Structure formats: C-alpha cells, structure tokens
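Hi,

Here is the structure I said I'd pass on. Have a look through it, and then read my notes below.

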Amino acid sequence: MNRHLVLVPGFGGFDALGTLRYYEGVTGVLEQTPLVLHYFPNLPTASVRTRAEQLLAFLHERWRRNELRPGDEIHLVGHSTGGLDLRQLLVRYRELELSQDRVREGSALEVLRHIRSVQFLSTPHRGSNLAAQLSHPLVRALLIRPLLRVCYETVRGLRERGTSWSGHLLRGVLLRGKRLESANWIDALLDTLQGCHSQEGAYPSALARASYFELLRWLLHMASDSSALSDLNPTRLGDAPPSPAHEDHPENERRFLDEHGIRYASIVTVARPKTGRRLDLFNQLYSLTADSPVPRLGLAQAVQKLMDPRSARMLTPADNDGLVNTVSQVWPDAASSYLVEADHADVIGHFQADTGEDTHGSFKRYDLLNSSSGFDAPAFEALWMRIAGFVEGRAYHEALESRRHTSRASMPIDAHL
C-alpha cells in the first residue's frame with residue numbers, strides 16, 4: 001500500500017516555470033518519508049470549476065495508468081486557490097455520485113474511494129479582499145487583460161533569443177546600482193526570461209527552448225482566461241458561476257467528507273507589514289488586502305498555533321499574509337484550523353533566496369514576497385513534516401483530534417501582531 005500526496009498549486013499555478021518551482025524544497029523535506037509525491041500542473045487563472053475538472057481528469061489518468069492502485073491512499077494538499085480547487089473537486093465527486101452517467105461515475109468514484117485526507121494551505125475559503133479590488137470590471141478590462149496580452153505578444157514576437165536578451169537588458173536597467181538583500185520576484189522574472197535561450201550545447205539549448213514555450217503557454221492561458229479572479233472575489237459577480245468561496249454554509253461539504261472518511265484540516269498564515277518601508281511590495285499588497293475587508297471574509301476569532309499547540313492567536317479580518325485575509329483561510333471552523341506565522345509564499349518554499357553556487361540543478365528558491373515573517377528553513381521543515389504526519393495519521397492528526405475536544409478558553413491567547 002502506497003500513500004500518494006498530490007500537491008495542487010494556486011492562482012497562476014504551475015509545476016515549474018523557468019528557474020522557479022511552485023512547491024520549492026518540499027521533495028527534499030519529504031524524501032525520507034514513504035510518501036509518493038505528485039505535482040499537479042494546474043491551469044494558471046482558469047475558473048475553479050475548470051481547474052477542478054482538470055484535477056479530476058489528472059487523478060483518473062494516474063489511476064488508469066496504474067500509478068494509483070487498489071489499496072493505495074490518496075491525500076490532497078491545495079495551496080491558495082488550489083484549496084478551492086480541492087473543495088470544488090469534492091463537489092464534483094458528490095455530483096457524480098448522483099449522476100446517471102454510470103460509466104464516468106464508476107471510474108471517478110473508484111478514485112474517490114481512495115481519497116483519505118485533504119489539507120488546505122493559505123486557502124481563501126471565502127475569497128480575498130485583494131481579489132475583490134482586482135476583480136473590478138474596469139481593472140480587468142483596461143489593465144489586467146491588456147497587460148497580460150501585451151506580455152504574451154511581446155514574448156512571442158521576441159522569440160527565444162530576444163526574450164533572453166531582454167532579460168539581460170532589464171537586469172542591467174532595474175538592478176543597476178542596487179544591492180538586493182535577497183533574490184525576489186524581480187530576480188525570478190529576469191532569470192526566467194534569460195533562461196529562454198542557451199548556447200552552451202544541445203541539451204541546455206533544448207531545455208531553454210522548452211522553458212520558452214512553457215512561459216509562452218503560461219502567459220497565453222492567463223491572457224485568455226482570468227475567471228479565477230471572479231471566483232476569488234468574496235462577493236459573487238453577476239452571472240458568474242459560484243465558486244466554493246461563495247458558499248456560506250460548509251455543512252454539506254463537511255458531511256460529505258465525514259461520510260467518505262476523508263480527514264481535513266486548514267493551515268492558515270499571517271504576516272506583519274514591514275516597518276519603515278511603505279513602498280515595499282509586500283507592504284503594498286498587505287495594505288490592499290487589509291483595506292476595509294468585507295464582512296463575508298469572516299469575523300475576529302482565535303486560532304491555535306500549529307507550532308505551539310497550547311496557545312492561540314486572536315485574528316482580525318484585516319490580518320493577512322500579503323495576499324489572503326487570514327480569517328478567510330479558517331475552514332470549516334477554527335477547531336479544524338492551525339496558524340503559522342508566514343507570508344503567502346513562505347509556506348511553499350519561497351521564504352529566502354538561494355545564494356552562492358550550491359543550488360539544486362537549474363531551479364532556485366526565491367523570497368517572492370520578502371516579508372518580515374521570520375519564517376525560515378527549520379520552520380518550513382517542521383510545517384511539511386506536520387503535513388506528512390497528518391497524512392500518515394501521526395502527531396498532526398492526533399493534535400487535530402485532541403484540539404476538537406479542547407476548550408478554546410483554556411488556551412492562552414496572543415492578541416498582538
């Protein structure tokens with residue numbers, strides 16, 4: 001019997017793009033466990049319904065190829081919007097149980113019977129205040145879509161060599177005279193552009209060409225379909241199909257999980273804005289996410305700390321990890337949720353930059369948000385070992401079960417950020 005851990009990326013998601021892995025360093029942390037890892041290459045910004053349908057097909061294909069076998073267990077982890085994909089996947093399975101399509105129902109439900117746990121990581125279960133601002137029709141029509149289309153057409157027109165040269169040129173312009181504390185999203189962008197062409201030999205050239213076309217495909221997807229922005233808005237927009245973020249009563253979902261013996265937990269993240277750096281990217285994103293949060297995101301509540309199970313922290317609707325309001329990540333309730341002090345990208349491995357020559361292959365770790373969360377390598381390892389422990393029914397699962405029967409009033413509350 002094998003335990004398969006399927007990692008689902010979030011908004012803009014991918015498995016690997018240029019020098020950037022979405023889940024960076026997870027394989028290294030979990031290589032000593034018996035888990036079999038699968039990295040799902042998601043559609044970047046398609047609707048949650050579309051992404052969940054692709055995930056259903058992905059799991060079925062693994063089953064059809066005998067990568068998943070009778071007796072195996074399937075465990076799902078979704079980061080950010082990927083967590084909404086998991087909830088929508090389970091809604092889809094519930095629909096198939098009631099369906100008259102017996103051929104597809106049989107094959108899909110065979111996979112469902114092997115799902116044993118779902119874990120949500122920094123998931124905007126009731127949407128994000130940041131998405132509400134970006135989902136404004138004028139913003140999407142006049143800024144986001146044209147900008148993405150220009151990026152796609154520019155990369156397509158420059159082709160491999162021109163795209164690489166543009167990366168070198170931009171590096172000289174953007175970083176001239178600057179000494180960055182660590183690699184960040186700018187470095188990730190420039191490295192990806194520069195890596196679209198190589199003259200170092202046949203194999204590096206082939207890899208660079210593949211990176212170029214993967215970048216082109218990724219940009220085209222986002223320029224063509226940004227439906228996920230509507231799904232992440234706390235308020236349902238117009239005639240857009242509802243996403244799990246618009247569901248106010250999780251009872252049906254929780255009942256479905258319990259009936260099928262699927263364990264569940266949410267890991268929620270919170271970070272602090274930097275002091276004295278108002279123009280910092282993280283501070284700007286934090287402020288937008290914290291600005292006048294809508295009531296649907298959730299009420300102030302105390303959530304147990306994952307790394308310190310005997311204490312909890314009081315969270316307000318404005319608290320966030322740079323992209324998602326923390327109270328929105330609590331699902332289905334506070335008793336099933338655990339708090340980690342980290343920004344939105346820290347928990348997927350982008351908490352600090354690779355330095356020097358000791359990097360693993362052509363991929364690097366970037367501090368994408370570069371917050372002041374204090375999240376580091378030991379915290380990252382501890383987090384993912386707890387995720388693995390939940391899969392295997394060890395310490396994390398035991399803490400979860402005991403937490404459900406523990407009075408929250410007995411835990412010390414840290415009300416300070």
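Strand E5 and strand E6 (residues 115-121) run parallel and share six bridges. This is a predicted model, by the way, so please read everything here in that light. Within that pairing, Ile-74 has Ile-115 as its bridge partner in E6. E5 also pairs with strand E1 (residues 3-8), again in the parallel sense and through six bridges. There, Ile-74 is the bridge partner of His-4.

So is E5 buried or exposed? Seven of its seven residues are buried, so the strand is largely enclosed by the rest of the structure. Glu-73, His-75, Val-77 and His-79 point one way, while Ile-74, Leu-76 and Gly-78 point the other way.

Now for some backbone details. Most residues other than glycine have a negative phi, and most peptide bonds are trans. Here are three places to check against that.

- Asn-66 has a positive phi, near 65°. You'll find Asn-66 in the loop between helix H2 (48-64) and strand E5 (73-79), and it is partly exposed, with a relative accessible area of 44%.
- Arg-159 isn't a glycine either, yet its phi is positive at about 60°. Arg-159 is part of helix H6 (residues 137-174). It counts as exposed because its relative accessibility is 52%, and the cut-off for exposed is over 50%.
- The peptide bond from Trp-331 to Pro-332 is cis, with omega near -10°. Pro-332 belongs to the loop between strand E9 (312-315) and strand E10 (337-341).

Cheers

Technical notes:
Residues numbered from 1 in each chain as written. Predicted model: local features only at pLDDT ≥ 70, side-chain atom pairs only at ≥ 80, totals over all residues. Heavy atoms only, no water. Helix = DSSP H or I, 4+ residues; strand = E, 2+ residues; numbered from the N terminus. Buried < 20%, exposed > 50% of the residue type's maximum accessible area, 1.4 Å probe, protein only. Pairing = 2+ DSSP bridges.
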